[in-house]
Amino acid sequence: MWKKLLGFACVGLLAACSGADDQAASSEAAATGGISPDAIGEYKLEDNDSFGATLKITSVSPFLFDLTVVRKSGGGAMGDLVQAMARVSDGKATYAPAADCSIVLRPRADGVEVRQAGSCDSEGFGAFVDGTGMYVKKTTAPEQGVILAGQPYARQNDDGLSAGFEITAVTATEMTFNLTAVAEGPSGRHGDIQGGRAKIDGRVATYTAGSDCTITFTFKPESYDADLVQEGPCSEEAGFGAFIDVTGNYAQTEGDELEGG
């Protein structure tokens, strides 16, 4: 008899625990309106010929978001919401502060679907600004900034010196490169650095060799080129010939300009 009673007690205890778990899950779902915390993050509007827009969900309970929409024509009219609070239910968040403005956000596995109804003029939106569309989550993959390995650069200055460099490896703090410079004419003067290592600070990489050589690389990704500045003759450890100075502007190439260096 006592075994049956013990069995009933265990079953009852398990049911109580299960019920508590279900109640907690139900309470959490009610609090977030069925929107997973995974929705928190930054998003951008998919390809749109008329508007550029970004969305940032900062919380799902309460549901808080930032939304910026800019018209690509017509003077750049825009709309901007900061820490707007939306009401959540049935897996969607609704922001409806006035009769002329309703914005519904529905997080999905592939992003956030946004539907705007009304002009939202009362919220400061410019004429014909509409944030409706599919927003995809911005990548969180680590980036190496603007300095990338594998791309050759060739010197563009026309002053009797041919030079180029190629980045062979990049880490968060250092780049490895090969640089070759050859003076035009019969002198045969040249400079050659193989496996040089330069310290990275943002868009700038700095190479030093011995007490007489510093070469600074400043990268400009918007124009696909880099400016180099050489300080000192670089004749000691770097082994540059007399009057070899690699200072100048370097543009990305397909690599042909570096052959034979």
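In the predicted model, glutamate 113 of strand β7 has methionine 134 of strand β8 as its bridge partner, and this contact belongs to an antiparallel pairing in which three bridges connect β7 with β8, the latter formed by residues 133-137. On β7 there is also a pairing with strand β6 (residues 101-108), again in the antiparallel sense, and here seven bridges are found. Strands β6 and β7 form a hairpin, with two residues between them, and arginine 108 is paired in this arrangement with glycine 111 of β7. Strand β7 itself, which spans residues 111-117, is mostly covered, since five of its seven residues are buried. In a regular strand, the side chains alternate between the two faces of the sheet.

Several loops contain backbone geometry that departs from the usual pattern. Most residues other than glycine have a negative phi, and most peptide bonds are trans. The peptide bond that leads from serine 61 to proline 62 is nevertheless cis, its omega being near 0°, and proline 62 is placed in the loop that connects β2 (51-60) with β3 (63-71). Aspartate 90 has a positive phi, near 55°, although this residue is not a glycine, and its position is in the loop between β4 (78-89) and β5 (92-98). Cysteine 234 likewise is not a glycine and has a positive phi, of about 55°; this residue is found in the loop between β15 (225-231) and β16 (248-252). As to their surroundings, aspartate 90 is exposed, with a relative accessible area of 69%, whereas cysteine 234, at 0% relative accessibility, counts as buried.

Eight strands close into a barrel, in the order β9-β10-β11-β12-β13-β14-β15-β16, with antiparallel pairing. The twist from one strand to the next averages 25°. Within this barrel, β13 and β14 run antiparallel and are joined by six bridges, one of the pairings being that of threonine 208 with threonine 214 in β14.

Aromatic side chains were examined across the whole structure, and the search finds 10 aromatic pairs. In one of these, tyrosine 153 and phenylalanine 165 are stacked, with 4.7 Å from centre to centre and 5° between the planes. This pair links distant parts of the chain, for tyrosine 153 lies in strand β9 (residues 152-155) and phenylalanine 165 in strand β10 (residues 161-170), 12 residues apart. Both partners are covered: tyrosine 153 counts as buried at 4% relative accessibility, and phenylalanine 165 counts as buried at 0%. Phenylalanine 165 also forms a pair with phenylalanine 217, here in an edge-to-face arrangement with 5.1 Å between the centres and 75° between the planes. Because phenylalanine 165 lies in strand β10 and phenylalanine 217 in strand β14 (residues 213-220), this second pair ties together parts of the chain that are 52 residues apart in sequence. Phenylalanine 217 is buried as well, with a relative accessibility of 0%. Ring pairs link these residues into a cluster made up of Tyr153, Phe165, Phe177, Tyr207, Phe217, Phe219 and Tyr250.

In soluble globular proteins, nonpolar side chains tend to be buried together. The largest nonpolar core of the model has 30 residues, and those with the most contacts inside it are Phe165, Met175, Tyr207, Ile215, Phe217 and Phe219. At least two residues of this core are supplied by each of the strands β10, β11 (174-183), β12 (190-201), β13 (204-209), β14 and β15. Tyrosine 207 touches Phe177, Ile193, Gly196, Arg197, Ala198, Cys213, Thr214, Ile215, Phe217 and Ala238, when residues up to four places away in sequence are not counted. Apart from this largest core lies another, of 28 residues, among them Tyr43, Leu55, Cys101 and Val112.

Definitions and conventions. Residues numbered from 1 in each chain as written. Predicted model: local features only at pLDDT ≥ 70, side-chain atom pairs only at ≥ 80, totals over all residues. Heavy atoms only, no water. Buried < 20%, exposed > 50% of the residue type's maximum accessible area, 1.4 Å probe, protein only. Helix = DSSP H or I, 4+ residues; strand = E, 2+ residues; numbered from the N terminus. Pairing = 2+ DSSP bridges. Phe/Tyr/Trp six-rings, centres within 6.5 Å; stacked < 30°, edge-to-face > 60°. Core = buried A, V, L, I, M, F, W, Y, C linked by side-chain atoms within 4.5 Å. Contact = heavy atoms within 4.5 Å. Axes fitted to C-alpha atoms, helices over the stretch in contact; angles between N-to-C directions.
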